[in-house]
Amino acid sequence: MQLSAVHILAVIWCYLCLCSCESNDKMPANLSEEELSGGVNFTSYDFGKDAFGGEGKGLSREQSDLFGIGNSLFKETWVSAPASVASLDGLGPIFNATSCGSCHFKDGRAAPPDEFAKPRSGLLWRLSTNSESLRGEPLPHTVYGGQIQDRAILKVTPEAKVTITYEEIKGTYTDGSSYSLQKPTYQLSDLAYGEIKQPYELSPRIATHLAGLGLLESISEDDILANEDVNDEDKDGISGKANYVWNVKEKRKTLGRFGWKANQPNIIQQNAGAFNGDMGLTSSFFPEDVFTPAQESQNPEIINGGSPEVSDKQLFAISFYIQTLAVPAKRNVNTPEYRTGRELFMSIGCESCHKATFTTKAGNEFPFLNKQKIYPYTDLLLHDMGEGLADNSPDFDATGREWRTAPLWGVGLIETVSKHTRLLHDGRARNVEEAILWHGGEAKQTTEKFKKLSKKEREDLIFFVNSL
């Protein structure tokens, strides 16, 4: 019997899938619970360049196929309309990226441009004015909207350019060792649609790695709120606060847990917002184009890619893909450096915000996400991080000094996957050490304790974080 080309490709695809599953399922024989960052179903043992792209366990055959479809859509490049592939047109007219994967390459983390590299996709700037809507969200600028789009389709002018300059800040540890931090300053130029006459703030946001987001979505609201202490009633200096944000489908405010300021309630709305703001694509969540009327009046012949440009099926497939990404297991858990680093992490107060463990709730939409004990090292709450990290841009209940606690799982594999070690909301920290030193506000006491550690103790604590 002769096989057609389609059958041959199908056989090859099945073989590759089997090989991929085999490489990710090689769990050590002597497994400790602490290694299972993503629980039994969502922990991967692939520590290579695809460490953030592994499929979780427990998916049916149909769901595994949907994971593959979502993965393909995630990587696909969108183009301007009209196009021969009509299902992937409608890009822009102004935008920051042409695909999900161009910011989250290999589901990893983006980095800011520097003097040694060309500008990379994945760093964008929110434009914040002094006004807010009745729901509490920042009102977009009447001409430039709520985000600076620095790219555009043919015959359309991008909104502006953003330049970054760095100031060196030097410091000294208690033991006499020195350190140096980079303080970025952002400047708008080449404003294509007129000067911004009202006061504004630029808030940089870097694209993060995506592993484990479905698990974070599956933590119960009660478990998150159990760590809230808005008025610091226990007097430990930590005042975690929930953000309540507009839920488009429910038409009411619900708990925010995604984004640098926890300004999105769930993965699918986060993705729809990224399609809209980053790529200029409409969906049933956000049916209006980011191209403002003032900009449209200067470009009257623009063609869109339909209404909406991203179908619900496409949005669901990409969201399902992200929901079911596994988390790399912890490494080095049996080493003395890991154990010492973990003890220091706890004793100097890092765990006050970077909560080690949660157990996902029962009754999730997908049963394989139920009752997974996970190690994300976040409380998903807002914290005042001090003036040094302030963007002065309120977002619903988040002030201009508050940021959501970033999960730490997978941090040590960013260099392997994304070829850099940049951290924090704008990538200013060049490594874990600098990220810790930038912590102020509620974390200032912890940072001061870190500065008082010996060189070996600091190295052990950083080793622990890079093992997560």
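Me: Which hand is the crossing where H6 passes H8, left or right?
Reply: In this predicted model, H6 passes H8 in a right-handed crossing, that is, with the near helix turned clockwise from the far one by less than a right angle (anticlockwise would be left-handed). Helices here are DSSP runs of H or I with at least four residues, numbered from the N terminus.

Me: And at what angle do they cross?
Reply: The axes of H6 (residues 267–279) and H8 (residues 312–323) cross at roughly 120 degrees and come within 9 Å, the axes being lines fitted to C-alpha atoms over the stretch in contact, with angles from 0 to 180 degrees between N-to-C directions. That makes H6 oblique to H8, because 65 to 115 degrees counts as roughly perpendicular, under 35 as roughly parallel, over 145 as roughly antiparallel and the rest as oblique.

Me: Which residues of H6 make the contact?
Reply: On the H6 side they are Ile 267, Ile 268, Asn 271, Ala 272 and Phe 275, and their partners on H8 include Leu 315 and Phe 316, where contact means heavy atoms within 4.5 Å.

Me: Moving on, how do H2 and H8 pack?
Reply: H2 (residues 61–75) packs against H8 at about 105 degrees, with the axes 7 Å apart, which makes H2 roughly perpendicular to H8. Among the residues in that contact are Leu 66, Phe 67 and Phe 74 of H2, along with Phe 316, Phe 320 and Tyr 321 of H8.

Me: How is everything numbered and filtered?
Reply: Residues are numbered from 1 along each chain as its sequence is written. Local features need pLDDT of at least 70, side-chain atom pairs count only at pLDDT 80 or more, while totals for chains, interfaces and linings use all residues, and side-chain values use heavy atoms, leaving out hydrogens and water.

Key. Helix = DSSP H or I, 4+ residues; strand = E, 2+ residues; numbered from the N terminus.
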